[in-house]
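Take a moment with the sequence and the 3D view before reading on. We will walk through a hairpin, a sheet and an interface in turn.

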Amino acid sequence: MSLLKLDQISITYGRAVAVKGLSIHVDEGEFVSLIGHNGVGKSSTVKAIAGVVRPTSGSIWFKDRDITQMDSGDILRMGIAVVPEGRHIFTRLTVRENLVVGATISRDRSANLKNLDSMIDRFPVLGKYSSRMAGLLSGGEQQQLAIARALMSSPTMLLLDEPSLGLAPLIVQQVFDLLKELNEQGVSILLIEQNAAQAIIASDRYYVMRTGGVISTEARGGDQVDVAKIEADYLNFGTV
Amino acid sequence: MYLQYVVDAIGTGSLYALMTLGLALVFSVMGLMNFAYGQLVMIGGFSIIMLRQQPWWAIILGTILVVVIASLLMERLAFRPVRAATAMTMLITSFALAQFLQQAARVAFGANPRPLEQFSELSVQYVVGDLFISRQTIITVVVAISIMLALTLLLKKTNIGIQLRASTEDVDMARLVGIKSNRVIASAFVISGVIAAIVSMLFFATRTNVSWSSGESIVLIAFVGAVIGGLGSMVGAALGGFLMGFAYTLLNALLPLELRVFADAFLYTIVIVVLLIRPSGLIAAKGARV
């Protein structure tokens with residue numbers, strides 16, 4: 001049974017078609033990547049799942065419920081937490097306040113505090129700088145904060161848009177390791193990435209997205225995959 | 001002698017700082033420059049007139065209640081429907097609302113200013129050395145500082161305060177973490193309303209009448225204060241408003257008698273100079289938009 005299912009969704013802005021007839025799915029506990037070049041509609045797809053933009057046609061299902069027309073808050077309450085492109089941490093809030101805001105949907109104060117402690121255990125750097133303005137953190141630290149903030153809502157599924165963007169290679173590796181670890185602990189993951197090689201290695205399954213949202217392949221991920229070959233194919237797909 | 005002017009200027013500055021804060025708070029949360037804010041102060045003025053015979057605590061509570069309800073109604077009926085529209089649409093909505101409320105007050109209370117019986121308790125003067133300090137000035141300064149401290153605590157320590165600040169910075173991300181913008185914006189209007197009510201009490205305590213046009217000058221001062229302070233920054237707003245009041249009082253006191261009628265012209269010349277030097281205000285907030 002699929003946890004998340006996009007069924008033939010299309011997204012248009014005015015006359016511009018961003019995504020056309022996209023169908024993908026993520027099963028419970030799965031780590032799935034959606035790779036593709038800039039401008040193929042990956043971010044639009046993320047926004048549609050998160051309830052920020054409405055698909056012009058098609059439907060999105062999560063836990064067997066149609067979430068196509070739900071608003072962002074309700075989708076989050078259903079269990080999909082978003083780590084958006086560019087991180088979007090609240091720079092003028094402290095690190096701790098960013099985490100507190102992440103738990104907005106839960107009214108259980110003691111559970112939130114416990115959750116906060118466990119985030120600080122998992123991300124020591126966030127504990128160390130907890131009362132510092134989040135804008136002062138380094139890029140890698142901000143990415144950790146963005147992920148930790150998403151985890152504060154205890155989601156079933158993490159939806160990440162280009163978490164590796166703008167990070168040093170070593171830090172990127174740490175982010176992917178973290179995602180794998182979270183996945184092993186039971187969080188389903190849908191990762192949207194331009195960084196195809198590492199995304200494929202980290203994930204159970206991956207999709208390649210082409211201009212207009214057509215899916216070219218659906219294949220198994222993991223470190224046995226011949227990444228060089230896929231990247232070559234994938235580059236071909238990317239040319240418009 | 002000069003010190004006396006400074007004392008008076010601090011009193012006026014504190015009042016203007018509060019006025020500016022109420023306007024700047026809503027601006028920073030939803031990018032709306034609410035020109036009908038002055039009419040909230042006017043509504044406060046009329047409610048003081050209606051409640052004038054009541055005990056002092058009833059005047060205070062009643063005025064706060066009336067103005068907060070007016071502020072919430074503004075948000076719900078006028079601004080919520082245009083929230084997704086451009087900043088320009090919201091701005092025009094607020095002008096229209098300001099005009100509507102002024103004319104409504106004119107119909108309801110008449111074109112002539114309504115006399116306001118003075119609060120003689122407030123004009124008591126204390127003598128400190130060579131200085132005369134009125135009870136009114138002391139109350140204004142104490143209330144302004146208390147409100148600013150309370151607002152700071154609210155924004156830093158409460159969940160709704162943290163949500164408010166998060167929405168101020170990045171409203172789209174705030175929605176993605178489940179912050180309900182209706183709730184956050186409504187609470188900004190409640191706070192703005194409480195501040196407008198308190199401003200109206202401090203302001204009209206020194207006036208002899210309330211008129212349908214009483215709000216006009218107030219919103220202009222608050223608007224300019226917010227702009228020189230740096231739009232979107234609370235500290236900047238308080239500072240900008242304070243400096244406006246401070247400069248205005250000093251200009252009125254220190255300009256040669258024949259130039260005093262031009263005090264406003266001098267004040268706004270200073271404002272223009274400040275903005276030429278610092279176009280985004282004294283304390284610029286990141287990503288602020290008009």
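Which residue in S3(B) does B:Val128 stand opposite? The partner is B:Leu131. Keep in mind from the start that this is a predicted model.

Start with the hairpin around that pair. Strand S2 of chain B covers residues 125–128, and strand S3 of chain B covers residues 131–134. The two run antiparallel, and 4 bridges join them. A second facing pair can be found here: B:Val127 stands opposite B:Phe132 in S3(B). Between the two strands of the hairpin there are 2 residues. Look at the turn, where B:Gly129 takes a positive phi near 60°. One general point helps when you look at any strand. In a regular strand, side chains alternate between the two faces of the sheet.

Now move to chain A. Here 4 strands form an open sheet, in the order S2-S1-S4-S5. The pairing is antiparallel. Why do S2 and S5 of chain A each have one side without a neighbour in the sheet? Strand S2 (16–27) and strand S5 (65–66) stand at the edges, each with a single partner strand, so one side of each is left open in this way.

Go inward from the edges. Strand S1 of chain A spans residues 2–13, and strand S4 of chain A spans residues 57–62. They pair in the antiparallel sense over 5 bridges. To find the register, locate A:Asp7, which stands opposite A:Ser59 in S4(A).

A helix goes with these strands. Helix H1 of chain A, residues 42–50, lies across S1, S2 and S4 of chain A. Its direction is at about 120° to S1(A).

Salt bridges come next. The structure holds 7 of them over all chains. One joins the side chains of A:Lys42 and A:Glu162, at 3.5 Å from N to O. A:Lys42 lies in helix H1 of chain A, while A:Glu162 lies in the loop between strand S7 (157–161) and helix H7 (169–184) of chain A, so the pair ties together parts that are 120 residues apart in sequence.

Finally, look at where the chains meet. On one side, 18 residues of chain B are in contact with 21 residues of chain A. The area buried between the two chains is about 1,800 Å², and carbon and sulfur atoms give 57% of that. In chain B, the residues that lose the most area to chain A are B:Glu169, B:Leu176 and B:Val177. Together they make up 33% of what that side buries.

How many salt bridges does the rule find across this interface? There is 1. The side chains of B:Arg165 and A:Glu97 meet in a salt bridge, at 2.7 Å from N to O. The interface also has 4 residue pairs in polar contact.

Which elements of chain B give two or more residues to this side? They are helix H6 (159–169) and helix H7 (171–176) of chain B. H6(B) gives the most, with 6 residues. By class, the side of chain B that touches chain A has 7 nonpolar, 4 polar and 7 charged residues.

Terms used
Residues numbered from 1 in each chain as written. Chains lettered and ligands numbered in written order. Predicted model: local features only at pLDDT ≥ 70, side-chain atom pairs only at ≥ 80, totals over all residues. Heavy atoms only, no water. Pairing = 2+ DSSP bridges. Contact = heavy atoms within 4.5 Å. Axes fitted to C-alpha atoms, helices over the stretch in contact; angles between N-to-C directions. Buried area = accessible area lost by both parts, 1.4 Å probe. Salt bridge = Lys/Arg side-chain N within 4 Å of Asp/Glu carboxyl O. Polar contact = N/O pair within 3.5 Å; in protein donor to acceptor, adjacent residues only side chain to side chain. Nonpolar A, V, L, I, M, F, W, Y, C, P; charged D, E, K, R; others polar.
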